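Thanks for coming. I have one structure to go through today, and I will put it on the screen now.

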Amino acid sequence: MPRIGRRKFLKISGAGAIAARTGGIAAILASGKAPAFAQGATVHWLRWNDFVPSSDVLLRDKIIPECAKDLGITLNIEMINGNDIQARTTAAIQSGTGPDVICALNNWPQLYADSVAEVTAVADKIGHDQGGFYHVSTVVAHNGKKWLGVPWCIVGAENAYRKSWFDAIGVSKFPNTWDEYRAAGKKLKAKGQPIGQALGHSFGDPPTFWYPFLWSFGGAEVDKSGKKVVLNSKATVEAVKYGVAFWKDCCDEGGLAWDDSSNNRAFLAGTISSTLNGASIYLLAKREPDKYLTEKGTPLWQDIRHGIMPRGPAGRFSCQLPMTNMLMGYSKQQDAARKFLAWITSKPIYQAWFDSQGGYTVGATTIWEKDPIWNKDPVMAPYRTVGRGAEFPGYPGPADRNAAEVLSKYIIIDMFAKAVQGMSAEDAVKWATSEVQKVHA
Amino acid sequence: MAVSGLATRGAFARAPRRGTASRLLEDERWLAAALLLPTVILLALFIAYPFVEGVWLAVTNATVGVPGKFVGLANFEMLWNDSIFRVAVWNTFVYTAVATVFKLGLGLWLALLLNRNFRGKAFTRAFILLPFIIPTVLSTYAWKWMFDPTFSVINWTLFQLDIIHSRINWLGDPGLALISVIIVNVWRGVPFYAISLLAGLQTINPELQEAAAIDGAPPWQRFWHITWPLLLPVTMVVVLFSVIQTFADFQLVYVLTGGGPANATQLFATYAYQLGVGTGLLSQGAAVSLAMFPFLLIIVVVQLLYIRRVEVH
């Protein structure tokens, strides 16, 4: 049997592989970058630790092997705390190496517009096949010229409330207006069952409550063009005054120090009667009925209902948390990553992940609100339509870099917080306006 | 004569030839430079390069993924007019000053106690180090739980002891939030002071104390005229390290409050992170970080001069 030496093996296999896969070295030199193949490629996907653990299990146990089978791509999923994704993204972009795909929250894609790769073809096809993307997913993931990522999902935010406690004060369904909600909250707080709302520095709950609160009174940080700062208005002052009164009358004042999980704990412990949140409170209480009980010893989940944001003088608004998969510009696996994004967001594959969420998120495209999952549990019904009419910080202007800066500096949140801490509403609005103006300067 | 001359020539021929490197290393100046080179390379790579890069970033308009252009001092001008930055500067000074005073006082007290002979001394000394050993993020999460407005064990205890009748909003009240983060910093920093000062105390010759005691000096005078002067050089070095660390503290505040409520606990480092990472404004984040430099430089220079004066005395 003829022996093949090490040198000969490398020569044959290396040359053969290159010739077979690329059609020659000239093509590589002409492209100016290393070739990328779906077959045998590894795609590194960075995302948050899901609030629904079974979804993470599904990704690890089923999606990874399916991806290898269907695409020949080795999928490497890394899950980290949502608050740490930006630090990882910044480090990866600056060093030019890191995850190929990063699942961004909020309007972060606008911050990294110059560092993401082209995915317009993938996003357009997904949108076309699945009834189009919701407005909120589009404003955060599209910069007017191209898609900065492929929209992934929307984490819905609705008010989880204790039905029996609201019944006890004579409120049989969730209040429709802020006045009704305030009246109910006043009675509840007097009974030691306050409303719980975060008003601190955290990316989820504070913005999803206080931004639509402001809009529902007619206040906004900028006009429709996104260029003129209009925060210092009568409507904003009214919103802040009402916010302070609502806080004092109805809310658990510990909320000034809450992060995104504090209200979950408080609700599950039975110390608050209502809170704007994802469906995680209800889903967890339902998953562990023996652990989370009411004061009467009955399963807590049976006493939880969900209500949409109350209406203000200027209408009803909501702010949801969209997520977007960004293909990073530095990735050396761009073709493979695009194939992966098209595959994971396609209906048959996405369906499995969507089912595992149990309604915690709705898809970024409109077909998912028609899914039969919403017929399974009427308590989850308000989350079905969270994508409709949802707006995002920066409204009525674009959710651009300036809006992202105002959001990440918590200027709108701190405007309410300062007023709650004793600053006059007028001064709090003036302070916030000057900060927003500096961002837009 | 001839034989002798041949032998000498043979011995010379057998002697090893010295290369240029060997000859250079025999020169003390070159040898010193060669020995210093690895350290210089390490310092240049890990200290000088990041610092220069930070300075460069601070004078550009770079954002994440965009190198940016030179803008001179525009970022610092922006900071000068930034009300959040001013709050962060004030908070950092209060945080550093108050925490350092308490860490020094409590650390010194603990060191004096640990310097005595008692049963379980070794165990106690090891135990004292726990706050310093536990990863800061982990212990800060424990503190966050203890300060939780709803589930605070501190509030529960005070309530049970009938000391309070309504709960204390530790991290929600602006004043209390700053006090709370200072408390955690003191808790974490006291062991470092205690162990370092204890090491200093053990270098003091006990005969000095004994002689003073025989002369009738009471404990306070013995401390003030013997222990304190001899401990001062160590104390100053410990304070120096501590001030630098406290001034640039990040993780403790980031975990406990994220700089809130309404920037009441915002420090240099947390604000730099918020701008640089949270908003992607790398240049402004770098400018905030760099703004720490002159303050720290003044503090360090003053302390080093003082240490030198103390050592000369």
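A:V240 counts as buried, because its relative accessibility is 0%. Keep in mind that this is a predicted model. The residue lies in helix α11 of chain A. Leaving aside residues up to four places away in sequence, A:V240 touches A:M415, A:F416, A:A419, A:A425 and A:V429. Take A:F416 from that list. A:V240 and A:F416 are 176 residues apart in sequence, yet their C-alpha atoms are 5.9 Å apart in space.

Staying in that helix, the next residue is A:D249. It sits in α11 of chain A, which covers residues 234–250. Is A:D249 buried or exposed? Its relative accessible area is 19%, and the cut-off for buried is under 20%, so A:D249 is buried. With residues up to four places away in sequence not counted, A:D249 touches A:R182, A:G185, A:K186 and A:K189.

Now chain A as a whole. It has 19 helices and nine strands. Of its 441 residues, 58% count as buried. Of the contacts in chain A with a separation of 6 or more, 75% are between residues 24 or more positions apart. The C-alpha trace spans about 90 × 55 × 35 Å along the principal axes of chain A. The radius of gyration of chain A is 24 Å, which agrees with the value near 22 Å for a compact globule of 441 residues.

Next, the interface. How many residues of chain B are in contact with chain A? There are 39 of them, and they meet 35 residues of chain A. Between them, chain B and chain A bury about 2,800 Å², with 52% of that on carbon and sulfur atoms. On the chain B side, the residues that lose the most area to chain A are B:V64, B:A262 and B:T279, which together make up 18% of what that side buries.

As for the polar part, the rule finds three salt bridges across the interface of chain B and chain A. One example is the salt bridge between the side chains of A:R265 and B:D148, at 3.3 Å from N to O. Across this interface there are also 15 residue pairs in polar contact, with both residues at pLDDT 80 or more. Which helices of chain B each supply at least two residues of the side that touches chain A? They are α5 (83–114), α8 (136–146) and α14 (268–278). Of these, α14(B) gives the most to that side, with seven residues. By type, the residues on the side of chain B that touches chain A divide into 17 nonpolar, 18 polar and four charged.

Last, some local points in chain B. B:T20 is found in helix α2, residues 20–26. At 52% relative accessibility, B:T20 counts as exposed. B:T20 and B:I133 are 113 residues apart in sequence and 50 Å apart in space, C-alpha to C-alpha.

The other point is helix α11 of chain B, residues 206–214. Its N-terminal end is capped by B:N205, with a side-chain oxygen 3.0 Å from the backbone nitrogen of B:E207. Just after α11(B), B:G216 takes a positive phi of about 90°.

That is what I have; questions are welcome.

Note on methods:
Residues are numbered from 1 along each chain as its sequence is written. Chains are lettered from A and ligands numbered from 1 in the order in which they are written. This is a predicted model: local features need pLDDT of at least 70, side-chain atom pairs count only at pLDDT 80 or more; totals for chains, interfaces and linings use all residues. Side-chain values use heavy atoms; hydrogens and water are left out. Contact means heavy atoms within 4.5 Å. Buried area is the accessible area (1.4 Å probe) that two parts lose on being put together, summed over both. A salt bridge is a side-chain nitrogen of Lys or Arg within 4 Å of a carboxyl oxygen of Asp or Glu. A polar contact is a pair of N or O atoms within 3.5 Å; within protein, one must be able to donate a hydrogen and the other to accept it, and residues adjacent in sequence count only if both atoms are side-chain atoms. Helices (H or I, at least four residues) and strands (E, at least two) are DSSP runs, numbered from the N terminus. Ala, Val, Leu, Ile, Met, Phe, Trp, Tyr, Cys and Pro count as nonpolar, Asp, Glu, Lys and Arg as charged, and the others, Gly among them, as polar. The radius of gyration is taken over C-alpha atoms; the globule rule is 2.2 Å times the number of residues to the power 0.38. Buried means under 20% relative accessible area, exposed over 50%, partly exposed in between (1.4 Å probe, protein chains only).
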